[in-house]
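Got the viewer open? Let's take a walk through this one together, from the big interface down to a single side chain.

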Amino acid sequence: MTVAIKDRRADAVAPPPDRRRGRGNRRATPPWWFTVPALLLFAFVVLVPSARGVYYAFTDWDGLSPDFSWIGFGNFAEMVDDPAATQAVWHTLVIAVAITVIQNGVGLLLALGVNSIIKSRNVLRVLLFAPAVVTPIVSAYLWRNLLGPDGAVNSLLGAVGLDSWRQDWLGDPDIALWSVVGVIVWQFAGYSMVIFLAGLQSIPREIHEAAAIDGAGAIRRFWSVTRPLLAPVFTINLMLSIIGGIKLFDQVYALTGGGPGHATDTLSTLIYKDAFTLGEFGYSIALAVVLTIIVSVASTGQYLGLSRAEKAVS
Amino acid sequence: MNRYRGWTLTLELVMIAVGLVFAFPVYVLVNLAIRQPSDTSSPLAPTTSPTFDNFTQAWEQGALGGALANSVLVTVGSVVVILAVSALAAYPLARVAARWSRWTFLLIMLGLVLPFQLAALPLYQAMRDLGLLGTPWSLILFYSGLQVPFTTFLYVGFLRAVPRDFEDAALIDGCTTLQGFRYVVLPMLKPVTVTALVLNAVAVWNDFFTPLLYLSGGAQQTLPVAIAGFVGQYVADWNLIFAALVISIVPILVVYFALQRSIINGFAGGLKG
């Protein structure tokens, strides 16, 4: 990702000259039609339906009947007065931010741990990353049982004398959202770890040694040497987790179904329910438009903020 | 700073404890999957008289064999198409400096930001009109289009860092551009192809939302949908459900442990660009 970011920046300054017409300097120029199969698939699956989606967001279509009418911003006005929708927007943002912070925080600590000289580092790398390859819906069903009132988590708390910590993790509206966050952190902290680890291993050992000779302690070395050099890796990890968090569907669907009540509904689960159980096609697509706007703003803001941070370092 | 000292031992113990916490759910999973339904002791207590009946029962009643075959078909089919069209498209996008190529690249990159929820419902209509709903072909078509942006992005980033001298030489030697692509460019792309293959295969294999939508009602389901249906059907019988979960996890974990070194490197390397 960093490569492409840099390339794009270079393009903006000075496009590389096309030297294929230089005398005696034959250049291989791949033809434009190489892009056609990819473009056709992309247009059929993403571009055209997305454009049609934006159109339907301004109608009252139920998804079936041939008659529907243009209602302008009606769906969006309805959304403002719909507590389920406003809550879903709020939950989506809370989950995205919480996952981004916690998953990457844990991932970074794990990466620092398995990048040290401990003997179990190779086993731990494989073990901690394993949840990331497990199908999310499967891990969500597993956790639905573990977090139940008589589940293993409560049993474990009882067994170690923390009875007062026992909870109805998924049934209590105040806790359920955080349980969902916890499950996702369990699953994907290893994913962040692997990317951080790749970044850590690209930092030359000599820089650390020089800093150590200059008297910098472990924490100082992390803050002044490792952290700035990891800036591009932070960019990747933060982008991945915030976009993943905003689009989240599978885990919520399997863990809580959006409940209890609407306590864990995200934009994705609400879109699904409104479209396929309530037949409110137009309205649910309007929700998808809101989701698109959130994703675009978040990723653009993050891209700009982080590329400035990267520039400040380099 | 590179010697194993007292604090290193502390770190080692802390990390092992963390590893055990991460592995705890797997212990419970296996422990309950081999337990008889009549055994109602704590989920933490090791199962005293293990049974494998749950597995055979889950396999038969969940029609997991058919679902597994469908998942393999959809994953293999999608990944082949994704890699082929993305590599082909990335070649001119990385090499041609003309305006059309820059705009095409930007257009495709738009797909990285658009959430699939926006396209999912209108596409559902299109698939229905084409009569593809309920078949694995709808999924292969869907993933092929959906994963093009990310995969093209990986290929373009990689290609830009590769010198074009080999292709030029092949051209001078009388290759057509298509031959040059097939025999010169594709082999050079091998490292990034492995990464793209792993990332796409995991994404397609794990997806739940799309097959839930496009295959609902049909007889041909993928593994995640079959599992969801199974859980809905055997709500309270967690021993049976856990056996089904184990069955669905085993194939991917076997592949993971066999290839873990290149998978972990692929994940990290692919994302570094």
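What follows goes from the chain contact to the domains of one chain, and then to one residue and one helix.

Keep in mind that this is a predicted model. Start with how chain B and chain A meet. The contact draws on 101 residues from chain B and 103 residues from chain A. Between them the two chains bury about 9,200 Å², and carbon and sulfur atoms account for 77% of that. On the side of chain B, helix α13 (residues 238-272) supplies the largest share, 16 residues. Sort the chain B side by class and you get 74 nonpolar, 16 polar and 11 charged residues. If you go hunting for salt bridges between chain B and chain A, the count is zero. Polar contacts do turn up: seven residue pairs across this interface, with both partners at pLDDT 80 or more.

Now stay inside chain B. Its domain assignment gives domain 1 (6-51) and domain 2 (54-272). Taken over C-alpha atoms, the centres of these two domains of chain B sit 33 Å apart. Nine residues of domain 1 touch nine residues of domain 2. That contact buries about 720 Å², 66% of it from carbon and sulfur atoms. Which residues of domain 1 lose the most area to domain 2? They are Leu29(B), Leu32(B) and Ala33(B), which together make up 63% of what the domain 1 side buries. By class, the domain 1 side has six nonpolar, two polar and one charged residues. Salt bridges between the two domains of chain B number zero, while three residue pairs are in polar contact, again with both at pLDDT 80 or more.

For a closer look, pick Asn54(B), which belongs to helix α2 (residues 53-61) of chain B. Is Asn54(B) buried or exposed? Its relative accessible area is 3%, so Asn54(B) counts as buried. The side chain of Asn54(B) reaches the backbone oxygen of Ala33(B) at 2.8 Å. Leaving out residues up to four places away in sequence, Asn54(B) touches Leu32(B), Ala33(B), Ile34(B), Arg35(B), Pro37(B), Asn239(B), Leu240(B) and Ala243(B).

Last stop, chain A. Helix α6 (residues 136-146) of chain A is mostly covered, with 10 of its 11 residues buried. Among the buried residues of α6(A) are Ile137(A), Val138(A), Leu142(A) and Trp143(A), along with Ser139(A) and Asn145(A). As a general point, an α-helix has 3.6 residues a turn, so residues three or four places apart point the same way.

Notes: Residues are numbered from 1 along each chain as its sequence is written. Chains are lettered from A and ligands numbered from 1 in the order in which they are written. This is a predicted model: local features need pLDDT of at least 70, side-chain atom pairs count only at pLDDT 80 or more; totals for chains, interfaces and linings use all residues. Side-chain values use heavy atoms; hydrogens and water are left out. Domain bounds come from an automatic or database domain assignment. Contact means heavy atoms within 4.5 Å. Buried area is the accessible area (1.4 Å probe) that two parts lose on being put together, summed over both. A salt bridge is a side-chain nitrogen of Lys or Arg within 4 Å of a carboxyl oxygen of Asp or Glu. A polar contact is a pair of N or O atoms within 3.5 Å; within protein, one must be able to donate a hydrogen and the other to accept it, and residues adjacent in sequence count only if both atoms are side-chain atoms. Ala, Val, Leu, Ile, Met, Phe, Trp, Tyr, Cys and Pro count as nonpolar, Asp, Glu, Lys and Arg as charged, and the others, Gly among them, as polar. Buried means under 20% relative accessible area, exposed over 50%, partly exposed in between (1.4 Å probe, protein chains only). Helices (H or I, at least four residues) and strands (E, at least two) are DSSP runs, numbered from the N terminus.
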